[in-house]
Amino acid sequence: MPGRSTVLALNGMCATSHPLATQTAIDILARGGNAMDAAVAGAVLLGICEPQMTGIGGDCFALFTKPGGSTIHALNGSGRAPAKASAGDLRDRGHATVPVYSPDAVTIPGAIDAFCRMSEEHGKLGLDALLAPAIRHAEDGVPVSPRVAHDWKRAGETLSGHGRDFFMNDGKPFKTGEIFRAPAQAEVLRRIAANGRTAFYEGEIAEDMVATLNKLGGSHTTGDFAAAACEETAPIRGRYQDIELVEHPPNGQGATAILMLNILSHFDIANMDPLGSQRAHIEAEAAKLAYDARNRIIADPNHTARLEFMLSRETAKKLANLIDTGTAMPETVPLAEAIHRDTIYITVVDRDRMAVSLIYSIYHGFGSGIASKKFGILLHNRGAGFCLEESHPNELNGGKRPMHTIIPAMLCDKGIPVMSFGVMGGAYQPNGHARLVSNLRDFGMDPQSAIDAPRSFSDTGQMKVERGYSDTVRQELADLGHNVGIPDEPIGGAQVIHMRPDGVLEGASDPRKDGCALGY
């Protein structure tokens, strides 16, 4: 099967889903910035290069190490529901789930607060230097790349009002090679560069977002925005064979990937055909069970009461015993929250082996579809990750963070971080983490081959099987009881940097996206 070559370098490496962002990160490293500087600069630029995926109106999560250190730190840059938000109110209005493209789905964007803190506490160059590339590209414009254009045609239908004014080209989706400009966002970034987080969360910019949301019926206040604050958290860990998977804790769904690998550890995956029906079947059944546990447990950190149960090997053993190797189980409880697939991921490692694993999203394609009137800030709809079931841990209420699908990850060997990686693709992400780790450990694939390999995913009643699988495998899966289909689009995307013990950095980037890995 054709694929990309692994990228090798000594001084620094970045892998992400758009070449301009990757190059910007490398430029920051070459100028003396560290991995945190490069990650922030590249991530913010991705909001201009891939506006359907992410932007300053969204959330982020990060795992990172300090230079030469083995301790992995976690930062939760996800925002909270406005103080007046109420699941009861939506139930009274006849809703069973949070309306996806409405102000009710807009939680306070947390990414900018996180980026400012990351720069101030862990960067070297200063926020003005990090935002300069995004400001320049927002003003001059970025040629729309093929995957972005493909997504724009589909996701652009969700844009409404000012969203169409700022993110459509004379009312039509941008096509490959057309120039997308965002001068109003450039002004926002310029003010943040000069005055930090207060420029975004207080004053004219915050008032613009609040006024837009209030006009559409939102309960947001300027006080909600002023109170936004990221939080340091403690990563969670799970072992698969001889490697340790490190994930972000709730309200992220990283525990789902750990549980899924714990379930898979009860099967002899390494002696299966990596592209055969048996492996795909066992993985699909493990995903159904792990995702069902996620839907019952993962929520705002203050409301996730059974995390240890989810991480327990005994739990995994009991769930593994439910899997029939010869028959597909019915779909478990359907997701209460909306499914999405739109996220960006960036990983950077510098010469001092500071590593950053950062994921940044506006949830659905073009988020809520709502952009602020004056500055064109596209607001995410992460509140659609809440459920409206009364007394559920993830029930929507004022001040809570919703269950998040976006999860950065790292791998440790004997306590030392050896790989920084992420898998995009909304609900697929925990399954993607488990599959990547299994490709690496069970089948000895190098990072690029582990990313390139075909994927399958049992998702909302259908077993999606990419075209890299044979028709024979698809028929065997159907015979096991799976509802098999070939997805119209690739399943997710991934970026990886392997920090080899010989000092070489090994980068890999998913061909399912437009991006690349670069080093120097």
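**Exercise 1. Work out how α12 and α13 pack in this predicted model.**

*Solution.* Start with the two pieces: helix α12 covers residues 254-264 and helix α13 covers residues 277-297. Next, get the geometry: their axes lie 9 Å apart, at an angle of about 140°. Now classify that angle. Roughly antiparallel needs an angle over 145 degrees, and α12 and α13 are therefore oblique to each other. As for the handedness, α12 crosses α13 in a right-handed way.

Then look at who touches whom. From α12 come T256, L259, M260, I263 and L264, while α13 brings I282, E283, A286, A287, L289, A290, Y291, A293 and R294. Sort those residues by character and you get 11 nonpolar, 1 polar and 2 charged.

**Exercise 2. Do the same for α2 and α5: find the angle, the handedness and the contact residues.**

*Solution.* Take α2 (35-49) and helix α5, residues 127-140. The axes of α2 and α5 are 8 Å apart and make an angle of about 20°. Angles under 35 degrees count as roughly parallel, so α2 is roughly parallel to α5. The crossing of this pair is right-handed.

On the α2 side, the contact uses D37, V40, A41, V44, L45 and I48; facing them in α5 are L130, L131, P133, A134, H137 and A138. The tally for the contact of α2 with α5 is 10 nonpolar, 1 polar and 1 charged.

A handy bit of background for reading such lists: an α-helix has 3.6 residues a turn, so residues three or four places apart point the same way.

**Exercise 3. Which residues of helix α6 are buried, and what covers them?**

*Solution.* Go to residues 146-155, which form α6. The buried ones there are R147, V148, A149, D151, W152 and A155. Now check their surroundings: the cover over the buried residues of α6 includes α2, α7 (162-167) and β6 (179-180). You've met α2 already, as the partner of α5.

**Exercise 4. Zoom out: how does the radius of gyration of the protein chain agree with that of a compact globule?**

*Solution.* First, the expectation: for 520 residues, a compact globule would come in near 24 Å. The protein chain has 21 Å, which agrees. Along its principal axes, the C-alpha trace spans about 60 × 60 × 40 Å.

Then add burial: 63% of the 520 residues count as buried. For contacts with a separation of 6 or more, 73% come from residues 24 or more positions apart. Finally, the secondary structure: the chain holds 18 helices and 21 strands.

Key. Residues numbered from 1 in each chain as written. Predicted model: local features only at pLDDT ≥ 70, side-chain atom pairs only at ≥ 80, totals over all residues. Heavy atoms only, no water. Buried < 20%, exposed > 50% of the residue type's maximum accessible area, 1.4 Å probe, protein only. Helix = DSSP H or I, 4+ residues; strand = E, 2+ residues; numbered from the N terminus. Contact = heavy atoms within 4.5 Å. Axes fitted to C-alpha atoms, helices over the stretch in contact; angles between N-to-C directions. Parallel < 35°, antiparallel > 145°, perpendicular 65-115°, else oblique. Left-handed = near helix turned anticlockwise from the far one by under 90°. Nonpolar A, V, L, I, M, F, W, Y, C, P; charged D, E, K, R; others polar. Rg over C-alpha atoms; globule rule 2.2 N^0.38 Å.
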